[in-house]
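The following exercises concern a sheet, the helices that pack on it and a cavity. Each task is followed by a solution in steps.

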Amino acid sequence: MTESSANKLLNGDSCHRTSSGKKSSKNGFVKNHCLFQQQHKHRRPREKNQNVPHNSSLYKKPYVESFEETPLLVAVLTYMGYGILTIFGYLRDFLRHWNIEKCNVAREREEQKDFVPLYQDFENFYTRNLYMRIRDNWNRPICSVPGAKMDLVERVSHDYNWTFQHTGKVLPDVINMGSYNYLGFAENTGACADAAIEATQKYGVGVGSTRCEMGNLDIHEDLEQLVARFLGVESSMAFGMGFATNSMNIPALTGKGCLILSDELNHASLVLGARLSGSMIRVFKHNNMQSLEKLLRDAIVHGQPRTHRPWKKILIVVEGIYSMEGSIVRLPEVIALKKRYKAYLYLDEAHSIGALGPNGKGVVDYFGLDPKDVDIMMGTFTKSFGAAGGYIGGRKELIDYLRCHSHSALYATSMSSPVAQQIITSMKIIMGEDGTTLGADRLRQLSENTTYFRRKLRDLGFIIYGNDDSPVVPMMLYMPAKIGAFGREMLKRNIGTVVVGFPATPIIESRARFCISAAHTREMLDTALRAISEVGDLLQLKYSRRELPLPSLGWMSEESLLQD
């Protein structure tokens, strides 16, 4: 995330002035993070990145992750834009208060003015006066399979996005650059769809009970055995909702007297689960191993507050791919710290399972690590598998415990059988157990598409975040007016994109987020890139200060990197 230069220095990041002859960002500071790269006359210009890992020997492959510094002028103009919107927002609230302008949003009733306010926080002010201006970029109705292309229902608003009306027209063949359809299994034809139809005819759609009562089907047990084999763990458990997999299982694993160390950019489901657990929560800087190690040391040295008793349990909670940053967790270093300080590790692979690794087995497979080194492996079926729900994998004792103590297992209705069959079929394709190479082909295609799209965006001059191998590609927009303008202009060119702003991101770090799929053809990506470049020129979004395009990945020793 973008921070002030002073804060970056205090956080322990390697941050320095550029040497003469090399162009830095506007504020003069850049940060390094390019593991194992070799010196090259066309080397990547230095950028703002996270801290350099302590021990590069833990990595078996290059780990390249970049977060280019925000140009100072852009940051100033972004703050000015939000300042102007805030001033006009207060003016419009004044007009609404005196009934000069109609108020369409919920607000306090006069007779409740002495109670604790429900609607007077900043988020509600933001919703009324900023979000409503660009609300047409979200919740667009889709009337087809959300695959590589989709059909959108056209809608219009006559009251500045407070309400919408459908025109009856359909926007056909919109290139879908926003869905989490990493391996292209969101489809209504093929082996997965045929198997799901057969499961529906055999079991029906609804189950009507929980797993522990009358809702435990043989297909559920087949799914859990397959997931355990896919992950390389002793046992696994499937849940009907990905969000609840985190929010309802973390409270079953930790409680009072336990400590949760959470990455500052963890998903809302992880944050909610941690809060519901009643454990002490401490947050470490995103992917910053110095910050994590400091918290681990302090936790062991000082123990619990006031009593200074040892913590009953210390749980490190991280994600595989961070969905708003496109970054990949430094899992080898996290595991090394976890072993050194005898903590437990909870890994959320919602976006990385199926999308990373030579075998599609997630970030553990990507780094070539042993799954047994991760105590709790969590993931969802909603992205790479084109289905719904989530799983937790690990030791048999862990899964047996969760079957008896997880609220999601005890009180939630069982997963629908066609959904379970969709997961089974797609997972077997990824594993190659269907007798074809379709799974390997899709994994290779996703990797190629990711590399191509990221390289082209950089060459065009955009600031993009994240790891070079991440199929989540955030492209920075910054200014509030450009959030809505980018989404609308892209849709005019028949490209469906996701634009993201506060509170999903810091208020000045608005962005467009592209999700690359194996179903995207090179022609689709080229069409999208041409449209992005055209809109980028129109809205002046090419903020990057890079001097040269990215070269192919080379190798560079840690000593050479430190000498720079």
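Contact means heavy atoms within 4.5 Å. Axes are lines fitted to C-alpha atoms, for helices over the stretch in contact, and angles run from 0 to 180 degrees between N-to-C directions. Helices (H or I, at least four residues) and strands (E, at least two) are DSSP runs, numbered from the N terminus.

The model is predicted: local features need pLDDT of at least 70, side-chain atom pairs count only at pLDDT 80 or more, and totals for chains, interfaces and linings use all residues. Residues are numbered from 1 along each chain as its sequence is written, and side-chain values use heavy atoms, with hydrogens and water left out.

**Exercise 1.** Determine the strand order of the open sheet and its edges.

*Solution.* Step 1: two strands pair if DSSP finds at least two bridges between them. Step 2: the order of the seven strands is β6-β12-β11-β10-β9-β7-β8, with mixed pairing. Step 3: β6 and β8 (280-284) each pair on one side only and are the edge strands. Step 4: β7 (residues 258-263) and β8 run parallel, joined by five bridges; Ser262 has Val283 of β8 as its bridge partner.

**Exercise 2.** Which strands does α5 touch, and which does α9 lie across?

*Solution.* Step 1: α5 packs on the sheet against β6, β11 (376-380) and β12 (390-394), and its direction makes about 125° with that of β6. Step 2: α9 (residues 289-302) lies across β7, β8 and β9 (313-319), at about 150° to β8.
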